[in-house]
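Visitor: I should like to go through this model and ask, term by term, what justifies each description. Please set each value against its definition.

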Amino acid sequence: MRRLLRWSVAAVLVASGAVPILGLAVEPAQAVENGLARTPQLGWNDWNSFGCNINDSLVRQTADAMVSTGMAAAGYQYVNIDDCWSDKSRDGAGNLVADRVKFPSGIKAVADYVHGKGLKLGIYSSAGLTTCAGYPASLGNEQRDANTWASWGIDYLKYDNCGQTNGISGPTRYATMRDALARASRPILFAICNWGSDDVRSWGATTGNSWRTTGDIGPRWSSVTSILDAQPGYADASRPGAWNDPDMLEVGNGLTETESRAHFSLWALLNAPLIAGNDLRTMSASTRSILTNTDVIAVNQDWGGRQGNRLSGSGSTEVWTKPMADGSVAVVLLNRGASTATVSTSASAVGLKAASGYSVRDLWAHTTGTTGGTISSSVPSHGAAMYVVSGAGTSPSPSTTSPSPSPSTTSPSPSTSPVTRPCRVSAVVNAWNTGLTEQITVTNTGPGAIEGWSLVFVLPGGQTITGGWNATYSPGSGQVTAKNLSYNGSIAPNASVSIGFQATHAGSAGGPASFSLNGSNCTVA
Ligand code: GLA
């Protein structure tokens, strides 16, 4: 078992129809070329705590608090005004104007103040005729509005999806604003807020610096977890300059301290923009210490080639991982259940090379320990433990196979009852002396479509992928990306998709024994 895991290759299959020609590699879409958000943006937005009840002093006081609380020192930069900042109508020349009561000195004065604190100012509009709260929005006025914001010193635009669209498609409406911002006189980060609609995962990276993947978050654990469940389908769309946005933070807004920590850990691991949504002026010491946890923020700001994703699930516990640029792996052990549970994984399962020992940094306790391989913690209900695990630099030895407990608690073996989703995977293997081919078919056996999917499996020991069909492949990482199937598209009830690969094998010529679709186990036919 140890040997199998040590030599195993995790292969990721992702539907992608960008190139409908077999045999050609898919060129990854480039990020929007404005040089911004090379790491996920950090900041604050007024909407989650204040809705339309905003004004000049709230924004200035928040900028003050961002500096005085240590948030700015921890990396937070953007102070973002959301909906309801303007007059209900444009001025006689057709320009947007600030609400004269809420912002009596205008937005430029606020921008000057925020810039004086070393911070940046964000504003909000919508790719329709009105914003979600009914204020004038930018469809048809994209260049005019981009120029207005630039002249005020705006640094960030959150661009919503409300209001009449005059029949213009989502991708076109957002591309028009992207191009208008590019022609404006200052760099403006472009945050798309279209709630995951119009298959934004296929065009978000070439259009904006970030894009919302779901509807609005609320200050409830159930909201955090339901948004979380939508994220595996987006994992492959992000890259430097272009981030999936699971929505702003609710840390300190009605979640318990434990829930807030789990929420912050997961959003960091997902490379989400970390946009605080609480009142920074009055936050508790505990909320502040969560938001300024620089160990966790460092995971968010690191790019090791892909964002974090769900590795495995077992009942109400889950393991989420993210590769880090230095070869270490960030790990979140999540307990979604109603009572304390032990959540466990291992260094080999999270993708680390075999070693006789590993270093484990606990990002909430801020301590560093060692383990022989087990990564395990007793996690409270609705809580998460978060670690960065790295090889300790020792040579692997075949005889050092007994894992020692992690520093952080118990080490029972993980429960084996899988979360099953309505899907079936079958694999046909054709093997010869040193090679094999494998055809994998995924069938949706549930009543609803599977929207956006990725398939992960572990190859038996000794196999290395050398080619694929309906797929591009990466022999080193074992990652396979499907390419003639609809891009992260849906699999209709009873429909199937097929992908294949060829591999060399030095050991077993069998196929993978288990598959996980969007992080949950699939029945193997
Ligand atoms: C939408 C967005 C929210 C917020 C409101 C403002 O619901 O998704 O984040 O901006 O509009 O009206």
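Visitor: What makes both faces of β12 count as covered?
Guide: On one side V329, V331, L333 and N335 are buried, and on the other A330, V332 and L334 are buried as well. Buried means under 20% relative accessible area, exposed over 50% and partly exposed in between, with a 1.4 Å probe and protein chains only. Strand β12 spans residues 329-335, and seven of its seven residues are buried. Strands (E, at least two residues) and helices (H or I, at least four) are DSSP runs, numbered from the N terminus.

Visitor: What is the basis for these statements, and how are residues numbered?
Guide: This is a predicted model, in which local features need pLDDT of at least 70 and side-chain atom pairs count only at pLDDT 80 or more, while totals for chains, interfaces and linings use all residues. Residues are numbered from 1 along each chain as its sequence is written, and side-chain values use heavy atoms, leaving out hydrogens and water.

Visitor: How do you know that β11 and β12 pair?
Guide: Two strands pair if DSSP finds at least two bridges between them. Strand β11 (residues 317-323) and β12 have seven bridges in the antiparallel sense, so the criterion of at least two is met. One of the bridges joins T321 to V331 in β12. In the hairpin of these strands, five residues lie between them, and G327 takes a positive phi near 95 degrees.

Visitor: Which other strand is joined to β12 by bridges?
Guide: Strand β17 (residues 383-391) runs antiparallel to β12, and seven bridges join them. Among the partners, V332 is matched with M386 in β17.

Visitor: Why is A65 called buried?
Guide: Its relative accessibility is 7%, and therefore A65 counts as buried. A65 belongs to helix α3 (residues 56-68). Leaving aside residues up to four places away in sequence, A65 touches L280 and R281, where contact means heavy atoms within 4.5 Å. T282 is 217 residues from A65 in sequence, with a C-alpha to C-alpha distance of 8.9 Å.

Visitor: What makes the approach of D82 to the ligand a polar contact?
Guide: An N or O atom in the side chain of D82 is 2.6 Å from an oxygen atom of the ligand; a polar contact is a pair of N or O atoms within 3.5 Å. For D83, a polar side-chain atom lies 2.7 Å from a ligand oxygen, and for D160 the value is 2.8 Å. The ligand taken alone exposes 310 Å², of which the protein buries 93%.

Notes
Polar contact = N/O pair within 3.5 Å; in protein donor to acceptor, adjacent residues only side chain to side chain. Areas by Shrake-Rupley, 256 points an atom, 1.4 Å probe, with all protein chains shown as cover.
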